[in-house]
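Here is a short briefing on a few local features of one protein. Look over the sequence and the structure first, then read the points below.

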Amino acid sequence: MELTARKKEILKVVTERYIDTADPVSSKFIAQAMGGGLSSATIRNELADLVELGYLEQPHTSAGRVPSPKGYRLYVNELMEKRSVSDQEAAQINQALSGRMGELDAIIAQAGQAAASIVSYPAYAVAAGKSSVTVRRYDLLPVDESSFIAVVMTDDSRVKSQLLRTDIPVPPEQLPALANLLNTHFTGIRVEELGTKLMGLTSQLSPELFLPASLTVEYAAAVIDRSTRNQVYTTGQTQLLRQPEFQDLSRANELMSLLTDQKNDLPVLDENTPMQILIGPENVNEALKDASVVVASYDIGENMRGLIGVVGPTRMDYAAVAARLSYFAESLTKMFGKNNQLPPKEDNQS
């Protein structure tokens, strides 16, 4: 059954009022919001139809109505008015993202923190892994005769380092020659080739150098493996407890656990999808059945993309969150692509 314009207007009033107050919406409020042109009996009949059709729910017999996931979906798809960020929001976002360009992981984590502070919901940031990563450069820094620091730079400009220990003493003066060998033979090749390449060089390496070479190549393989996986950073989990829906800790616990311990299970976007809103049971993960997720993508460059997402109650202000995340994503794309240049704010239409 197709909804009439009047039913859609009533659904819009109920949804936006419930987003604002978290209280079920009465027929008296609806009558006032619609200018008093409809009788109480007409509004009650329309509400009953919307409940029967699955767009509204009635928590208690005498209570007002609240939107169902189906009602929120119609609201988001057809009834929600598009907004742009305010001057103050744009300034906050620009300030949060205008800091010095550091390592990729730190920038992406910082973006998640900024998003959580702006939208007042938990946020997560994802650096989608590259399908193919290789090592661009190795450096070996002496510590003592039984340990050294291996520094690995990948071709997507990530720099990782780790203290490695050996059972055989390694003369510090030999590390530069070993680093040169690694840079000659172990850069620009796929992770599957590292082991084969190492075995092929056994005749060129003394026992005291084969072990640190092997440890460094093993560490490089681990760095590459991590670079090809999604890196997920979550922040602002305690923001959930400010929402009336999650003040019952037993209800919030499963969602908090997802955000903290199973964050790799948070929704990600399909390729070429700029933004997606997932409402309640549309989320595959059971922990999100009473929550909604808004997630947007941005370009990092080097055939990589990132995601910025927000998790909140199904009662979240979808229009405001979508506007802020859209601006975040555009800002991040500009920052990665044009030397930290942030986009101009559009004129506010809300």
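With which side chain does the side chain of Lys12 make a polar contact? The partner is the side chain of Glu81, at 3.3 Å. The model is predicted, and the points below cover Lys12, two loop residues and strand 3.

**Lys12 and its surroundings**

- Lys12 is found in helix 1, which runs over residues 5–21.
- Lys12 has a relative accessible area of 14%, and since the cut-off for buried is under 20%, Lys12 counts as buried.
- Leaving aside neighbours within four places in sequence, Lys12 is in contact with Tyr75, Leu79 and Glu81.
- Glu81 therefore appears twice in this picture: it is one of the residues in contact with Lys12, and its side chain makes the polar contact with the side chain of Lys12, a residue that is buried.

**Two loop residues with positive phi**

- Ala22 has a phi near 65 degrees, a positive value in a residue other than glycine.
- Ala22 lies in the loop between helix 1 (5–21) and helix 2 (27–33).
- Ser120 also has a phi near 65 degrees, and this residue too is not glycine.
- Ser120 sits in the loop between helix 6 (104–119) and strand 3 (123–127).
- Is each of these residues buried or partly exposed? Ala22 is buried, with a relative accessible area of 19%, whereas Ser120 is partly exposed, with a value of 35%.
- The label for Ala22 follows from the cut-off, because buried means under 20% and the value for Ala22 is 19%.

**Strand 3: burial**

- In strand 3, 5 of the 5 residues are buried, so the strand is largely enclosed by the rest of the structure.
- Both faces of strand 3 are covered.
- On one side, Ala123, Ala125 and Ala127 are buried.
- On the other side, Tyr124 and Val126 are buried.

**Strand 3: pairing**

- Which strands pair with strand 3? Strand 7 (residues 231–235) pairs with it in the antiparallel sense over 5 bridges.
- Strand 10 (residues 304–313) also pairs with strand 3 in the antiparallel sense, over 5 bridges.
- Tyr124 of strand 3 stands opposite Thr234 in strand 7.
- Val126 of strand 3 stands opposite Leu307 in strand 10.

Note on methods
Residues are numbered from 1 along each chain as its sequence is written. This is a predicted model: local features need pLDDT of at least 70, side-chain atom pairs count only at pLDDT 80 or more; totals for chains, interfaces and linings use all residues. Side-chain values use heavy atoms; hydrogens and water are left out. Helices (H or I, at least four residues) and strands (E, at least two) are DSSP runs, numbered from the N terminus. Buried means under 20% relative accessible area, exposed over 50%, partly exposed in between (1.4 Å probe, protein chains only). A polar contact is a pair of N or O atoms within 3.5 Å; within protein, one must be able to donate a hydrogen and the other to accept it, and residues adjacent in sequence count only if both atoms are side-chain atoms. Contact means heavy atoms within 4.5 Å. Two strands pair if DSSP finds at least two bridges between them.
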